[in-house]
Every structure is written in structure tokens, then in C-alpha cells.
Amino acid sequence: MSAQDFTTILIVDQSPEEVFNAVTNVRGWWSEQIDGNTAQLNDEFDYHYEDIHRCKVKLIEVIPNVKIVWLVEKNYFKFTEDATEWTGTKPTFEISEKDGKTELRFTHVGLVPDYECFDICKDSWTNYIQNSLKKLITTGKGLPNGKDKPQTENERKLSAK
């Protein structure tokens with residue numbers, strides 16, 4: 001990981017196990033348009049949001065209640081010159097206990113400011129982690145995107161094009 005990789009931290013009252021279970025419920029916080037499995041080592045899933053963003057993800061490290069690492073095997077962005085920008089990057093979820101609370105540190109390893117998508121991706125990840133995933137952890141209901149259900153300002157703008 002480099003200091004430039006996008007990182008956001010969430011602190012909740014729930015247990016590491018509850019946080020882990022929420023993170024692996026990708027349909028519950030990121031997107032309803034997920035095909036495949038999202039919880040076990042070597043699981044693979046396809047993410048799809050309209051004709052704006054598609055990617056194929058493989059879980060390459062899974063330590064229950066501690067860490068999950070995804071590898072973006074393929075990526076397509078409609079809105080960047082290099083449509084494959086995320087390919088080879090590693091969204092990483094690290095879970096730890098701190099002072100009776102649970103910390104979730106999300107780092108998208110390889111998502112750096114040099115990327116054309118950085119600002120849009122930073123804003124989107126911040127929403128999905130700090131808003132949707134946090135709601136899923138704390139209330140049992142997240143705010144994933146879905147067909148005709150953009151959740152971020154960028155998704156609304158890009159969907160309108």
C-alpha cells in the first residue's frame with residue numbers, strides 16, 4: 001500500500017464478525033447488480049452498473065472477521081479514456097477492534113490520484129463505505145445501487161448522459 005492509495009475508515013459499535021458479514025454482503029451495500037459469490041476465498045463476482053461501470057472481482061484473501069482483499073481482474077469504465085483503469089487493483093477491507101469498537105479500514109490499493117477516475121471513485125467509495133455499508137452494519141439495511149437506482153451524485157450525472 002502506498003500513501004496515495006485511497007483509504008477511508010469507519011468506526012462502529014458492532015462486532016468484527018458483524019462488520020465482516022456486512023462487507024461480504026456486497027449486494028447489501030454496493031450494488032444489487034452482482035452476479036456470483038462474494039464471501040469466500042477464490043469467490044468471483046461480476047459488478048455491473050448500467051453501461052457506466054462493469055468489473056470482475058476475485059476474493060484473493062479472506063481472514064474471517066479480520067481482512068478481505070479483492071482483486072479487480074477486469075474493468076470497464078464508460079467515462080474514462082483508459083476504460084480498464086481499475087484492472088489489477090486491490091480493494092482491501094481490514095477489520096480490527098479498538099477501544100471496544102470495531103474499525104473498518106478500506107483501502108483501494110492501486111487507486112491513486114493519477115487515475116482519471118480518482119475523484120469520481122473516491123467520492124463513490126466514500127459514499128458506499130461511510131453511508132451505505134455503515135447503514136448495513138448499524139441498521140441491517142444498506143443503500144446499494146441497482147437498475148435505475150443511482151446512489152451517488154456521480155452515478156446520477158453519468159446515468160443522465
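This passage walks through a predicted model, from its sheet and helices to its aromatic rings and one buried glycine.

The sheet makes a good starting point. Seven strands form an open sheet in the order β1-β7-β6-β5-β4-β3-β2, and their pairing is antiparallel. At the edges stand β1 (6-12) and β2 (34-36); each has a single partner strand, so one side of each is left without a neighbour in the sheet. From one strand to the next, the twist averages 20°. Within the sheet, strand β3 (residues 44-49) and strand β4 (residues 53-63) run antiparallel and are joined by six bridges. In this part of the sheet, E44 stands opposite K58 in β4.

Helices come next. Helix α1 (residues 16-23) lies across β1, β4, β5 (67-77), β6 (90-98) and β7 (101-109), and runs at about 165° to β6. Helix α3 also packs on the sheet, where it touches β1, β5, β6 and β7; the direction of α3 makes about 15° with that of β1.

Helix α3 deserves a closer look. It covers residues 118-139, and its 22 residues should span 32 Å at 1.5 Å a residue; the C-alpha atoms at its ends are 30 Å apart, which agrees. The helix has a kink of about 30°, centred on Y128. Y128 is also one of the buried residues of α3, a list that includes F118, C121, W125, L133 and I137. After α3 comes G140, whose phi is positive, near 90°.

Aromatic rings form another part of the picture. A pair of such rings is described by the distance of the centres and the angle of the planes. Searching the whole structure gives 16 aromatic pairs. In one of them, the rings of W30 and W70 have centres 5.7 Å apart and planes at 25°; planes under 30 degrees apart count as stacked, so this pair is stacked. Because W30 lies in the loop between α2 (26-29) and β2 while W70 lies in strand β5, the pair ties together parts that are 40 residues apart in sequence. Both W30 and W70 are buried.

W70 has a further partner in F45. Here the ring centres are 5.2 Å apart and the planes stand at 80°, so the pair of F45 and W70 is edge-to-face. With F45 in strand β3 and W70 in strand β5, this pair ties together parts that are 25 residues apart in sequence. F45 is buried, with a relative accessible area of 0%, and W70 counts as buried at 1% relative accessibility. The residues W30, F45 and W70 belong to one aromatic cluster, whose other members include F6, W29, Y47, F93 and W125. W125 links this cluster back to the helix described above, being among the buried residues of α3.

The last residue to visit is G28, which is found in helix α2. Its relative accessible area is 15%; since buried means under 20%, G28 is buried. Leaving aside residues up to four places away in sequence, G28 touches S132, L136, G142, L143 and P144. Of these contacts, S132 and L136 are also among the buried residues of α3. K58, the residue opposite E44, offers a simple distance to compare: between C-alpha atoms, G28 and K58 are 18 Å apart in space, and they are 30 residues apart in sequence.

How values were computed. Residues are numbered from 1 along each chain as its sequence is written. This is a predicted model: local features need pLDDT of at least 70, side-chain atom pairs count only at pLDDT 80 or more; totals for chains, interfaces and linings use all residues. Side-chain values use heavy atoms; hydrogens and water are left out. Helices (H or I, at least four residues) and strands (E, at least two) are DSSP runs, numbered from the N terminus. The expected span of a helix is 1.5 Å times one less than its number of residues. The bend at a residue is the angle between axes fitted to the seven residues ending there and the seven starting there. Buried means under 20% relative accessible area, exposed over 50%, partly exposed in between (1.4 Å probe, protein chains only). Two strands pair if DSSP finds at least two bridges between them. Axes are lines fitted to C-alpha atoms, for helices over the stretch in contact, and angles run from 0 to 180 degrees between N-to-C directions. Contact means heavy atoms within 4.5 Å. Rings of Phe, Tyr and Trp (its six-membered ring) pair if their centres lie within 6.5 Å; planes under 30 degrees apart count as stacked, over 60 as edge-to-face and the rest as tilted.
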